[in-house]
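Hi everyone, thanks for making time this morning. Let me put the structure up, and then I'll walk you through a few spots I enjoyed looking at.

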Amino acid sequence: MPQPQLSDLYDALVVGAGAAGLYAALCLPRHYRVGLISKDALALSASDWAQGGIAAAIAPEDSPELHIHDTLQAGAGLCDREAVEFLVRHAPQCIESLVNLGVEFDRHGTQLALTLEAAHSRRRVLHAADTTGRAVVSILGERVLQCPHITTIPEAFALSLWRHPQTGACQGVSVAYQGQIRWIRSRAVILATGGGGQVFAQTTNPALSTGDGVAIAYRAGALLRDLEFFQFHPTALTKPGAPHFLISEAVRGEGAHLVDAQGRRFAFDYHPQGELAPRDVVSRAIFSHLQATSAPHVWLDLRPIPRETIQKRFPNIFQVCQHWGIDIFSEPIPVAPAAHYWMGGIATDLQSRTSIPGLYAVGETASTGVHGANRLASNSLLECVVFGAQLAHLELLPLLEDETQQKVEVPLEALPAPAQLEAIATSLKALMWQSAGICRSAEVLEAAIAKLSGLQQEFEQLPSTQFFQNLQPGTLVQFPSPECDRTLRLWGETWNLLEIGQLILKSAVFRQESRGGHYRSDFSQTSAAWQTHTLIQNSRWWQSVPIPD
């Protein structure tokens, strides 16, 4: 099948094809000429991996007020109440939209089935077995492909944002595609590139989650927020040779127990809610228990759940565990925490606008204010849909003057060396997991910043880095062959991982307290003086005004 042709001009260009990007593209006005670029095939995204579900207060015994309360509680004082109220009150309408598009959530008879997840006070999580993300993304992808005004461009990698030299507005992006680097003009750019879990050696995220949107927005001068807050999921499959497959906390909501080698439910030693405490609490409980016992993992026991419930609700978890030799009906699953979700990101308002005119951000790459210091389970898919829907009101900037693109050939010696790039990325991931994982301290973080600086210097000295970073906007680059695209993507992802690694480390040093997903052993208490956002722009860190209780 021939690859789509990439136009030189769009009304709106969406970067990323997970739930946020797909839904945003569908919500944009239909008379706009929309481009949707994805660095992988359209069906591959972190949203596709989402197991648990999507939260909405739609049950008779539930209410928006309860959902708001639970979200604020989980966010540990850093949620923006206005954003949370906006999210929750738009939730039922967005669920109805997904159902109308064809998403088949599980039902009890004619009623949508709802499950309980950690830190929710009511059953309010809609699901499609244990592959809710896949169910949502597959339908959204089908609907996008049916829209003649949306051009989907798979296997295209966005390298940088293109700002107008006089106005500072975002006027497009540079993209590596089919053996070229091209500068694509657009009257609006929407970043929906997902999270950055691949910066850590242990993560539930797919390989494509390399923080691209945050990194390119930072380099363009956008305002970022709360990058120190990374959520570590408590229960990732931990077995030699196996990927860190996420075991949804919906399993614990249905009655699974978190136990140690002796079968004791140790999580109650750390919180009265035990394994149903907020994610950051459960992750630290497991981390502390593993440190105290020197065990490689704890156990998640699904045997308290009826067999038929497991078969119906968790078929994917059953199949993955079976593939790795674990019979969940007769034995517990070995689990340990892994990096899962980035609460921070590009600062946006309720209309998904960033600090740069013409630039928008949606989904995990954005910081809307709804997650605070610790995301409430199953609010992430909801955030993608609610804030993606706001792009129906997007107003385009005036079309700026065109510029002639100068064409240059890439010299062979400037092509990246994959083995060297992979070595840099591997060293970075190990460093981040050891120094900025579940437990942090200033001494370790400062040492990590120094080591990361050495990795950055090694990267900067590569001929490929010196060539690509010095490209002038508008320069059309031709590669010796289209196969070079994969190598350039590896170079770009390594650049982005180094960028977000530095941002996370420096943000973690800056925040001198423990709160939500950020735990400092040298500042183990939560401080009222830090009930503020961390703001970052152009290598400057500062605190926002205090967030009211």
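Let's start with strand S14, residues 224–225, and strand S24, residues 534–537: they run antiparallel and are joined by two bridges. If you want a residue to click on, take Leu224, whose bridge partner in S24 is Ile536. Please keep in mind throughout that this is a predicted model.

What packs on this sheet? One answer is helix H14, residues 484–510, which touches S14, S24 and S25. The direction of H14 makes about 40° with that of S25. Zooming out, the sheet is an open one of five strands, in the order S21-S19-S14-S24-S25, and its pairing is mixed. At the edges you find strand S21 (366–367) and strand S25 (540–543), each pairing on one side only. Helix H5 also comes in here: H5 lies across S14, strand S19 (345–347) and S24, and runs at about 50° to S19.

Now follow the chain back from H5. Thr193 sits in the loop between strand S13 (189–191) and helix H5 (212–220). Is Thr193 buried or exposed? With a relative accessible area of 17%, Thr193 is buried, because the cut-off for that word is under 20%. Its side chain has a polar atom 2.8 Å from the backbone nitrogen of Gly213. The side chain of Thr193 also makes a polar contact of 3.5 Å with the side chain of Thr365. Beyond its neighbours within four places in sequence, Thr193 is in contact with Val15, Asp212, Gly213 and Thr365.

That loop has another residue worth a look. A search of the whole structure finds 15 aromatic pairs, and one of them is Phe200 with Trp433. The geometry is edge-to-face, with 6.4 Å centre to centre and 80° between the planes. Phe200 belongs to the loop between S13 and H5, while Trp433 is in helix H11 (residues 418–435), so this pair ties together parts that are 233 residues apart in sequence. As for accessibility, Phe200 counts as buried at 1%, whereas Trp433 is partly exposed at 24%.

Staying with rings, there is a cluster in which ring pairs link Phe459, Phe467, Phe468, Phe479, Trp491 and Trp495. Trp495 has a charged visitor as well: Arg219 lies over its face, 3.5 Å from the ring centre. Elsewhere, Arg307 lies over the face of Phe329, at 3.9 Å from the ring centre.

Next, Val15 from that contact list brings us to strand S2, residues 12–15, which runs parallel to S3 and is joined to S3 by four bridges. Leu13, for instance, has Gly35 as its bridge partner in S3. How many residues of strand S3 (residues 34–38) are buried? Five of its five are, leaving the strand mostly covered. Val34, Leu36 and Ser38 point one way from S3, and Gly35 and Ile37 point the other way. That fits the general pattern, because side chains in a regular strand alternate between the two faces of the sheet.

One last stop is an open sheet of three strands in the order S4-S8-S7, with antiparallel pairing. Strand S4 (54–55) and strand S7 (114–115) stand at the edges with a single partner strand each, so one side of each has no neighbour in the sheet. S7 pairs with strand S8 (residues 125–126) over two bridges, and Leu114 has Leu126 in S8 as its bridge partner.

That's my tour, and I'm happy to take questions!

Methods:
Residues numbered from 1 in each chain as written. Predicted model: local features only at pLDDT ≥ 70, side-chain atom pairs only at ≥ 80, totals over all residues. Heavy atoms only, no water. Buried < 20%, exposed > 50% of the residue type's maximum accessible area, 1.4 Å probe, protein only. Polar contact = N/O pair within 3.5 Å; in protein donor to acceptor, adjacent residues only side chain to side chain. Contact = heavy atoms within 4.5 Å. Pairing = 2+ DSSP bridges. Axes fitted to C-alpha atoms, helices over the stretch in contact; angles between N-to-C directions. Phe/Tyr/Trp six-rings, centres within 6.5 Å; stacked < 30°, edge-to-face > 60°. Lys NZ or Arg CZ within 6 Å of the ring centre and 35° of its normal.
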